[in-house]
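Trainee: I should like to understand one part of this chain thoroughly. May I request a close look at a single residue, together with a few other places for comparison?

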Amino acid sequence: LSWNHLEETRPCLETLFGTTRTPCRLLIVDNASAPPVRAHLAAVTPRGSIVEVVLLQNETNEGFPRGMNRGLRASSAPFVCLLNNDLRFTDGWLEELLAVARAHPELGVLNPASNTFGSRPPHHAAWRGGVPAQQALEAHAASLAAQRGRYTEVGMCTGFCFLIRREVIGRIGGLTEEVDRVFFEDEDYSMRVQEAGFRCAVVEASYVFHVGHQSVKDMPEREALFSKNRRWCEQRWGRRLRLAWPRFTPAAPGSRELRDWLQRLVAWARRRTLVYVYCPTPDRLTRDALFESVGLVPHADIHWCPIPQTAASAAAAGLILKRRKKPFDLLVAPDPGWARWMGRLRWLHRAEIVPEADEAQLTDQWQRKSRSPS
């Protein structure tokens, strides 16, 4: 999707042509750019594995969802990748996305790894205008090669680079056009994808750098638009909640108990919930290592916070009480004593406290909180 900002579109197209190895069509949807930009886009020709280039010219700025949907309607391939015009691609980015998608048919929408998710070249790499040199990007992408075939499940995919399988498009259609121009259409699509029985994922060994927000950074109504579309999304899907879930016994890698608990946490993460786990962790194993020890795929919305085994209940309470900027909506209490203790401190944390064993109460409180104003 293109709208002016040729200074971003040129390197975006250059790296796209230079790093894509799978035969594909490139559909450029231009949202009424200035004449020099239109002329440049009209002159783009096929090269390498990009065997056809089609320019779809809009005479008015249709916004992000309508523009992307025009491209979706013109597409026919078994996979479609929606792209912003401020991206920098690295060798094999598309091939790895496709390999993971084909190996896991339950994945409906996939993002590459990106600086958007915190993966970036080291600080000593050459940067210019907020973007690392292509050589630095390629070196960083090569460092991810050991992760080939691996992915992390996420609660939503982000629309900057959005691989969708054709089956998903056939089942739920394109992006919603109910949002005003831009923001939250990707979150809505991710929710519809999951409602249809598919999963969202980030592919760890595919790398695309996103310069970010180039088309909206100078928009005077940006904040108002963001707030308006956020309200629309929350009215449709409910508010994203933060849930603290402490456990005071060490996680036992490879155990059936750990597997059952992690599966329960994942089920909650799939409900628009950010789950923060406070648990003693042997040898300070990572979240991903614990998931892998029981044969599960990590979920990005489960945040693992190791605590010492000694005085674990006090350590968990201390970390929860220190949280001020984005407080928790719900606390899951592993035992009645801790629940009573945290109940006396509710004036500090302001979260609802639910016994771990009471799934029905947790569901009821979650539903009520989700539909409350943010």
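Trainee: In which strand does Tyr151 lie?

Mentor: Tyr151 lies in strand β8, which covers residues 151-154; helices (H or I, at least four residues) and strands (E, at least two) are DSSP runs, numbered from the N terminus. This is a predicted model, in which local features need pLDDT of at least 70 and side-chain atom pairs count only at pLDDT 80 or more, while totals for chains, interfaces and linings use all residues. Residues are numbered from 1 along each chain as its sequence is written, and side-chain values use heavy atoms, leaving out hydrogens and water.

Tyr151 counts as buried because its relative accessible area is 11% (buried means under 20% relative accessible area, exposed over 50%, partly exposed in between, with a 1.4 Å probe and protein chains only). Setting aside residues up to four places away in sequence, Tyr151 touches Val100, His104, Glu106, Leu107, Ala201, Val202, Val203, Glu204, Val297 and Pro298, where contact means heavy atoms within 4.5 Å. With one of these residues, Glu106, the side chain of Tyr151 also makes a side-chain polar contact of 3.4 Å. A polar contact is a pair of N or O atoms within 3.5 Å; within protein, one must be able to donate a hydrogen and the other to accept it, and residues adjacent in sequence count only if both atoms are side-chain atoms. Pro78 is 73 residues from Tyr151 in sequence, and their C-alpha atoms are 20 Å apart in space.

Glu187 offers a second example, this time in a helix: Glu187 belongs to α7, residues 185-195. Its relative accessibility is 8%, so Glu187 counts as buried. The side chain of Glu187 makes a polar contact with that of Arg240, at 3.3 Å. Beyond its neighbours within four places in sequence, Glu187 is in contact with Met156, Cys233, Arg240 and Arg272. The helix around Glu187 is mostly covered, since 10 of the 11 residues of α7 are buried; among them are Asp186, Asp188, Tyr189, Met191 and Val193. Just after α7, Gly197 takes a positive phi of about 100°.

Asn229 is placed in another helix, α8, residues 222-237. At 2% relative accessibility, Asn229 is therefore classed as buried. Apart from its neighbours within four places in sequence, Asn229 is in contact with Val179, Asp180, Val182, Phe183 and Phe184.

The loops deserve attention as well. Most residues other than glycine have a negative phi. Ala32, in the loop between β1 (24-31) and α2 (35-42), nevertheless has a positive phi near 60°. Ala32 counts as partly exposed because its relative accessibility is 22%. Ala311 likewise has a positive phi, near 55°, and is found in the loop between β13 (302-306) and α11 (312-322).

From that loop we may turn to α11 itself. The axes of α11 and helix α12 (residues 336-344) come within 12 Å and cross at roughly 30°. That crossing angle is why α11 counts as roughly parallel to α12; angles under 35 degrees are roughly parallel, over 145 roughly antiparallel, 65 to 115 roughly perpendicular and the rest oblique. Ser313, Ala314, Ala317, Ile320 and Leu321 of α11 make the contact with Trp338, Trp341 and Met342 of α12. The axes are lines fitted to C-alpha atoms, for helices over the stretch in contact, with angles running from 0 to 180 degrees between N-to-C directions.
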